[in-house]
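Please walk me through this structure, one part at a time. I have not seen it before and would like to know how its pieces fit together.

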Amino acid sequence: MDELHGFDRFGFTHDGLTRDVLRAGTGPGVVVMPELPGLHPPVLAFARRVVDIGCTAYLPSLFGTPGRANSFPYLLATVSRVCVAREFTVFAAGRTSPVVSWLRALAARAHAECGGPGVGAVGMCFTGGFALAMMVDDRMRAAVLSQPSLPVPLGRRRKADIGLSGADRARVRERVAGEPCVLGLRFTGDPAVPAGRFATLRRELGTGFLAVEIDSSPANEYGIPPRAHAVLTGHPGEQPDHPTRRALEQVLTFLRDRLHAPPR
């Protein structure tokens with residue numbers, strides 16, 4: 001497919017699970033995870049921006065078909081599959097999704113192949129919280145949580161949950177320890193990413209968590225729809241000061257600064 005031009009593809013196996021991975025670029029590794037329904041063209045476009053800042057993008061195909069354009073039937077079919085897949089913890093609070101073990105192994109491979117001070121991870125929507133769970137690994141230097149939507153926010157407990165087991169939560173808190181290495185993004189009116197989830201991240205990670213919350217309230221200055229969801233893969237505003245464009249640039253600067261600077 002033309003959409004996949006410039007990406008190499010390889011199969012990666014860990015603990016009996018094999019997935020295809022797309023790869024492009026040079027420099028420190030960044031694991032760019034798909035949003036529903038998969039590695040569709042806007043996710044690939046974001047990955048190319050990661051390559052442009054001097055990083056190697058690793059795109060695991062966790063669901064869907066790489067390069068296939070989004071559509072409502074495609075989205076619906078993908079959602080029906082992932083909601084029953086054992087690799088993903090969709091509804092349970094206080095648990096880390098099993099697929100994160102595979103993602104941590106992929107990050108270890110990326111670091112071995114690319115070198116540098118460490119690895120970054122970007123999760124979006126369904127995979128948003130996986131980037132946080134990957135931070136238990138000492139190789140991880142930067143985690144971007146774009147509209148982290150799991151667990152599905154049904155009920156007060158799930159709305160505040162951040163998709164980590166107790167042990168992983170404690171380890172991530174220890175690793176972050178006030179160093180600003182976790183960046184989260186959401187639209188304020190997005191029902192899939194409640195304010196309570198970011199409140200938990202602030203409480204657990206303190207100054208290690210950087211929050212970007214874009215106003216999508218009715219009659220907001222930039223006309224952002226109240227239920228806007230995709231921060232990094234929606235169409236950024238044309239104006240340089242548009243909040244979605246600023247958010248995109250902030251993510252790229254964050255990754256570049258964290259991955260091209262030696263660890264402290």
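The model is a predicted one. A convenient place to begin is helix α8, residues 243–259. Its buried residues are P243, T244, A247, L248, V251, L252, F254, L255, R258 and L259. The cover over these buried residues includes strands β3, β5, β6, β7 and β8 together with helix α1. Helix α8 has 17 residues, and from its first C-alpha to its last it reaches 24 Å, close to the 24 Å expected at 1.5 Å a residue.

The strands just named belong to a sheet. This open sheet has 8 strands in the order β1-β2-β4-β3-β5-β6-β7-β8, and the pairing is mixed. Strands β1 and β8 stand at the edges with a single partner strand each, so one side of each has no neighbour in the sheet. From one strand to the next, the twist averages 20°.

One antiparallel pair is formed by β2 (residues 17–25) and β4 (residues 56–60), which are joined over 5 bridges. Within this pair, V21 of β2 has P60 in β4 as its bridge partner. Helix α1, residues 41–52, packs on the sheet and touches β2, β3, β4 and β5, and its direction makes about 155° with that of β4. Helix α8 also packs on the sheet, where it touches β3, β5, β6, β7 and β8, and its direction makes about 165° with that of β6.

Helix α1 can be described in the same terms as α8. It has 12 residues and reaches 17 Å from its first C-alpha to its last, close to the 16 Å expected at 1.5 Å a residue. P41, V43, L44, F46, A47 and V50 are the buried residues of α1. They pack against β2, β3, β4 and β5, and also against α8. The helix is followed by G54, whose phi is positive, near 90°.

Next comes strand β7, residues 182–187. Is this strand enclosed or left open by the rest of the structure? Strand β7 is largely enclosed, because 6 of its 6 residues are buried. In a regular strand, side chains alternate between the two faces of the sheet. In β7 both faces are covered: V182, G184 and R186 are buried on one side, and L183, L185 and F187 are buried on the other.

Strand β7 has a parallel partner in β6 (residues 140–146), to which it is joined by 4 bridges. One of the pairings here is between V144 and L183 in β7. Strand β8 (residues 209–214) also runs parallel to β7, and 6 bridges join the two. In that pair, F187 stands opposite I214 in β8. Strands β7 and β8, with helix α7 (residues 195–205), make a right-handed β-α-β unit.

The nonpolar residues are grouped into cores. The largest nonpolar core has 46 residues, of which F126 and V182 touch the most other members. Elements that each supply at least two residues of this core are β1, α3, β5, α4, β6, α6 and α7. The largest share, 8 residues, comes from α3. V182 touches L132, M135, A143, L145, V176, L205, G208, F209, L210 and F254, leaving aside residues up to four places away in sequence. Apart from this core lies another, of 36 residues, with I53, L185, A228 and V251 among them.

Two aspartates complete the tour. D8 lies in β1, the strand that stands at one edge of the sheet. With a relative accessibility of 48%, D8 counts as partly exposed. D8 and V21 are 13 residues apart in sequence, and their C-alpha atoms are 8.2 Å apart in space. Not counting residues up to four places away in sequence, D8 touches V21, L22 and R23.

The other aspartate, D168, is placed in helix α6, residues 166–176. Is D168 buried or exposed? D168 is buried, because its relative accessible area is 13%, and buried means under 20%. Beyond the residues up to four places away in sequence, D168 touches T96, R104 and V136.

Technical notes
Residues are numbered from 1 along each chain as its sequence is written. This is a predicted model: local features need pLDDT of at least 70, side-chain atom pairs count only at pLDDT 80 or more; totals for chains, interfaces and linings use all residues. Side-chain values use heavy atoms; hydrogens and water are left out. Buried means under 20% relative accessible area, exposed over 50%, partly exposed in between (1.4 Å probe, protein chains only). Contact means heavy atoms within 4.5 Å. Two strands pair if DSSP finds at least two bridges between them. A crossover is right-handed if, with the strands pointing away from the viewer, the path from the first strand over the helix to the second runs clockwise. Axes are lines fitted to C-alpha atoms, for helices over the stretch in contact, and angles run from 0 to 180 degrees between N-to-C directions. A nonpolar core is a set of buried Ala, Val, Leu, Ile, Met, Phe, Trp, Tyr and Cys residues joined through side-chain atoms within 4.5 Å. The expected span of a helix is 1.5 Å times one less than its number of residues.
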